[in-house]
Amino acid sequence: MKQLRMTVNPYDRKSHINREIYGNFSEHLGRCIYGGIFVGKDSDIPNTDGIRNDVIEAFRNIRLPVIRWPGGCFADEYHWKDGIGEQSSRKKMVNTNWGGVTEDNSFGTHEFMRFCELVGCEPYISGNVGSGTVQELSEWVEYITFGGESPMSELRRRNGHDKPWKLKYLGIGNENWGCGGNMTADEYAPIYKRFQTFCKNYDGNELFRIACGPSSADYNWTDVMMRKLKHEYGWTAKGISLHYYSIKDWNNKGKATEFDEKHYYELLATARFLDPLITHHKEIMNRYDPDNNVGLVVDEWGTWYDVEDGTNPGFLYQQNTMRDAMVAAISLDILNRHTDRVIMANIAQAVNVLQAVILTEGNKIVLTPTYHVFDLYKEHQDGTLLYSYCTNETISDEKIPAVSQTVSAAEDGSMHITLSNCSLTEEYRIKCSITDTEIKNVSARILTGDAHDLNDFDRPDNVVIKPYKAETEGNDLIITLPPCSVVAVRVNE
Ligand code: AHR
């Protein structure tokens, strides 16, 4: 067992960890919405207004703060008026991006807002810029948020919702450099300006407009958008998005469950790339916006593998192992560390798609190892990031750090430490001292297993969080990290 030293300085308070860092993304893609979240009122699967009770409960447990919808690429071909009114008379469409299946629009605005209400999270709506009109998006905002008398608010009332909803997060398009219109940044920017102008704030509802940002390392996109916002448009966008998926090779993504040691570390190295990526985008943003008017919204992140055998290639259904749990832990640590600029993040996706936190099959539900990481990390939500430093080792040919951590302080004075050990072979004993802090009580929980361990419908509890030992030595904390593990420690709660 190797020894590492860690120090935490509670006086060095870095930044606020917005709870929205722990957001999810849900798209009309495969079985994310249909079967995953929504089964309809007449289903035998226990539901509330058509929304699965088990999924509601699971999201409530991890305190899901925000969920993005209806896409993704789907958002830029979605026409919201097709998804309101009597279910039986809703217009059908072809989901051209995802398997060419028929979308019956039975899950629309009312169902989505109800889902958010039941879970207790903020809705984040991604507007159609690619194939929609300015009027269409403007009317959607009016439909959702206007309380007075107007064509759209009357329509909402006729559809059974008298009071307006609150809507904060509004995306002005999705991936407009790709499936959202194949535009350059210079082409998108004026279109963004026009669309956002007509998305109004009604009745005290204040929109937080999120402009389409770059794909991964397209730094030019960030540069163009930030320059235009600063010099031409004013700070009309409060957020700019960034999409980054952990994929080693787009042409050969590999299977979620089939990998060797080399692939394991390679994938973790791609997840770690999120760190320099955000740093570089931040440098550009800092140049134009030192006062932080615009936040970075990482509204799609996670692993992306080849689909499971026998499933529709357009449905992006993949299993989820302890390897994904490690990706989640190191990604969340990176996001936490950048909360001086990163204000929201949304893992792709919530249910049954890509690095899902939940898998469903009929009436069965599985909480993935990734879900459990969100559970371990939930105490960081709305905490203050504290300075922490851990001596470390670099491991594998990828030379990635073995240990990763986040330390935050909650408002009640308690401290929350999450630590992960990416090594497949080495155990680390961490001796942690916290400046000027008497440790009165400490408790811990752990998620660990072989990198290939997973939960499936026959063994839903194969990988679960267990209570763990956290000891003290004098006034130091002693935390032992087994290989491939994530540990959450509560101090002075
Ligand atoms: O999450 C799957 C797809 O990935 C989204 O629809 C799109 O925005 C991205 O390319």
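Before I start on the sheet, a note to self: two strands pair if DSSP finds at least two bridges between them. Also, I'm working with a predicted model here.

**Entry: the sheet**
I looked up how the strands line up. Ten of them form an open sheet, and the pairing is mixed. I wrote down the order as β23-β22-β26-β20-β19-β16-β1-β21-β25-β24. Which strands sit at the edges? They are β23 (466–468) and β24 (471–473), and each pairs on one side only. From one strand to the next, the twist averages 30°.

**Entry: one edge, up close**
I went to β24 next. It pairs with β25 (residues 476–481) in the antiparallel sense, over three bridges. I picked out Thr472, and its bridge partner in β25 is Leu477.

**Entry: a helix on the sheet**
Then I checked helix α10 (residues 369–377). It lies across β19 (403–409), β20 (415–421), β22 (442–448) and β26 (485–491). Relative to β22, helix α10 runs at about 165°.

**Entry: aromatic pairs**
I got a count of 24 aromatic pairs. I zoomed in on Tyr169 and Phe208, which are edge-to-face, 5.2 Å centre to centre with 70° between the planes. Why does this pair tie together separate parts of the chain? Tyr169 is in strand β9 (residues 169–172) and Phe208 is in strand β10 (residues 208–211), so the parts it links are 39 residues apart in sequence.

**Entry: the largest pocket**
Last stop: the largest pocket, with a volume of about 410 Å³. It is lined by 17 residues, and the closest to its centre are Lys41, Gln87, Arg90, His110 and Glu111. I sorted the lining into three nonpolar, seven polar and seven charged residues.

Key:
Residues are numbered from 1 along each chain as its sequence is written. This is a predicted model: local features need pLDDT of at least 70, side-chain atom pairs count only at pLDDT 80 or more; totals for chains, interfaces and linings use all residues. Side-chain values use heavy atoms; hydrogens and water are left out. On a 1 Å grid over the protein atoms alone, a cavity is a set of points where a 1.4 Å probe fits but cannot get out, and a pocket is an open set with protein on both sides within 12 Å along at least five of seven lines; lining residues have an atom within 4 Å of a point. Grid points are joined across faces, edges and corners, and a volume is the space filled by probe spheres set on the points. Ala, Val, Leu, Ile, Met, Phe, Trp, Tyr, Cys and Pro count as nonpolar, Asp, Glu, Lys and Arg as charged, and the others, Gly among them, as polar. Helices (H or I, at least four residues) and strands (E, at least two) are DSSP runs, numbered from the N terminus. Axes are lines fitted to C-alpha atoms, for helices over the stretch in contact, and angles run from 0 to 180 degrees between N-to-C directions. Contact means heavy atoms within 4.5 Å. Rings of Phe, Tyr and Trp (its six-membered ring) pair if their centres lie within 6.5 Å; planes under 30 degrees apart count as stacked, over 60 as edge-to-face and the rest as tilted.
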